[in-house]
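Biologist: Please put the model on the screen, and I will ask about its side chains one topic at a time.

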Amino acid sequence: MIPRLILIAGLALLVTLTGAVAAPGLDARPPNPTCLAPTRATGAGSVSADWLNSDVGSVAAAGSVTRSGTSFTVRGSGADIWGTADEFRFAQRLLTGDGDLIARVTSLTNTDPWAKAGLMIRESLAPGSRYALVMMTPGSNGASFHYRTATGGSAAPPNSADKVTALPRWLKVSRRGNVVTGYLSADGLSWTMRGSVTLALPATVYTGLAVTSHNDGTLATGAFASVQVVPGAGTVSAQGAVTAEDAFPTTPAFTQPTKALQAPGSADRWYVLEKTGRVKTFYASKP
């Protein structure tokens, strides 16, 4: 028989070596999952495989970009994006042909009443390039649509700002040929045109998120959510206005529709969800 003192000492040694005595039939606890920080980029470089970022112009403080999924945080310095000034942080990607850039600007640091956070299409990353920008200010100056029609020229839109629109706000900048249009929306569903301009642009342009502090040497932080690039969206009339075609001209009227879904396994039947919570159905191929 093993003496009790030796048995107790043996158990104490086992606990010391293993850290615990596992209960029969129980699996060991799995390791904690690895926590991944958002993709960060400072200086000129890559935010992800499809997005690059850099400072445009001679800014006094280097900006940075953080991305997490479809959300971007852009920190930018610079004197302004206005007149001949062209200094800002730009998270950008290439767009060939027509397309839309859409995002919700949720916040912007008030480094100056004319600090700007917006969506831009421009011919190159060189300062003084042609561009169009639909943007928000941090306070009472509201929203604006800016553009430069000649390389090296002055950006001088006819209306500086609406003095009404406040953050947060959905923005959209659309390219249809050489026509660039900026839109505003409170909900991302109903859009109001803020301005439009014809620019001599190359086939491939830069589109992205621009932030300037309007206080060079100080960084303003702009937060963008639900960022998406939609290549080849929509059509254009001869005057450059966006046109639309009713895909279901024989459907009944809807009250504040919010979503349309196709029935599983059916090419004809659709369901429409209205804001009140009511769901209506219709057949696309039947009068």
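What follows is a set of questions and answers on rings, charges, the pocket and the backbone.

Biologist: What kind of model is this, and which residues count for local features?

Modeller: Residues are numbered from 1 along each chain as its sequence is written, and side-chain values use heavy atoms, with hydrogens and water left out. The model is predicted; totals for chains, interfaces and linings use all residues, side-chain atom pairs count only at pLDDT 80 or more, and local features need pLDDT of at least 70.

Biologist: How many aromatic pairs does the structure hold?

Modeller: Rings of Phe, Tyr and Trp (its six-membered ring) pair if their centres lie within 6.5 Å; planes under 30 degrees apart count as stacked, over 60 as edge-to-face and the rest as tilted. By that rule, the number of aromatic pairs in the structure is three.

Biologist: How is the pair of Trp51 and Phe72 classed?

Modeller: The ring centres of Trp51 and Phe72 are 4.9 Å apart, with 55 degrees between the planes. An angle under 30 degrees would be stacked and one over 60 edge-to-face, and the rest are tilted. The pair of Trp51 and Phe72 is therefore tilted.

Biologist: How many residues apart in sequence are the parts that this pair ties together?

Modeller: Helices (H or I, at least four residues) and strands (E, at least two) are DSSP runs, numbered from the N terminus. Trp51 lies in the loop between strand S2 (45–46) and strand S3 (52–56), whereas Phe72 lies in strand S5 (residues 71–76). The pair therefore ties together parts whose separation in sequence is 21 residues.

Biologist: Is Trp51 buried or exposed?

Modeller: Buried means under 20% relative accessible area, exposed over 50%, and partly exposed in between (1.4 Å probe, protein chains only). Trp51 has a relative accessible area of 3%, and Phe72 is buried with a value of 3%. Trp51 is therefore buried.

Biologist: What is the angle between the ring planes of Phe145 and Tyr147?

Modeller: Both Phe145 and Tyr147 are buried. Their ring centres are 5.9 Å apart and the pair is tilted, because the planes lie at 50 degrees.

Biologist: Which ring does the charged end of Lys172 sit over?

Modeller: A charge sits over a ring if NZ of Lys or CZ of Arg is within 6 Å of the ring centre and within 35 degrees of the ring normal. The charged end of Lys172 is 4.9 Å from the centre of the ring it sits over, that of Tyr183.

Biologist: Which residue forms a salt bridge with Lys116?

Modeller: A salt bridge is a side-chain nitrogen of Lys or Arg within 4 Å of a carboxyl oxygen of Asp or Glu, and the structure holds nine. For Lys116, in strand S10 (residues 116–122), the partner is 36 residues away, in the loop between S5 and strand S6 (81–82). Lys116 and its partner are both buried. At 2.6 Å, N to O, that partner is Asp80.

Biologist: Which residue forms a salt bridge with both Arg122 and Arg148?

Modeller: Arg122 has a salt bridge of 2.9 Å, N to O, with Asp86. Arg148 forms a salt bridge with Asp86 too, the closest N and O atoms being 3.1 Å apart. Arg148 lies in strand S12 (residues 143–148) and Asp86 in strand S7, so that pair ties together parts 62 residues apart in sequence. The residue asked for is Asp86.

Biologist: Which residues line the largest pocket?

Modeller: On a 1 Å grid over the protein atoms alone, a pocket is an open set of points where a 1.4 Å probe fits, with protein on both sides within 12 Å along at least five of seven lines; lining residues have an atom within 4 Å of a point. A volume is the space filled by probe spheres set on the points, which are joined across faces, edges and corners, and here it is about 250 Å³. The lining residues are Asp187, Leu189, Ser190, Gln256, Pro257, Thr258 and Lys275.

Biologist: Which peptide bond is cis, with omega near -5 degrees?

Modeller: The proline of this bond, Pro168, is found in the loop between S12 and strand S13 (169–176). The cis bond runs from Leu167 to Pro168.
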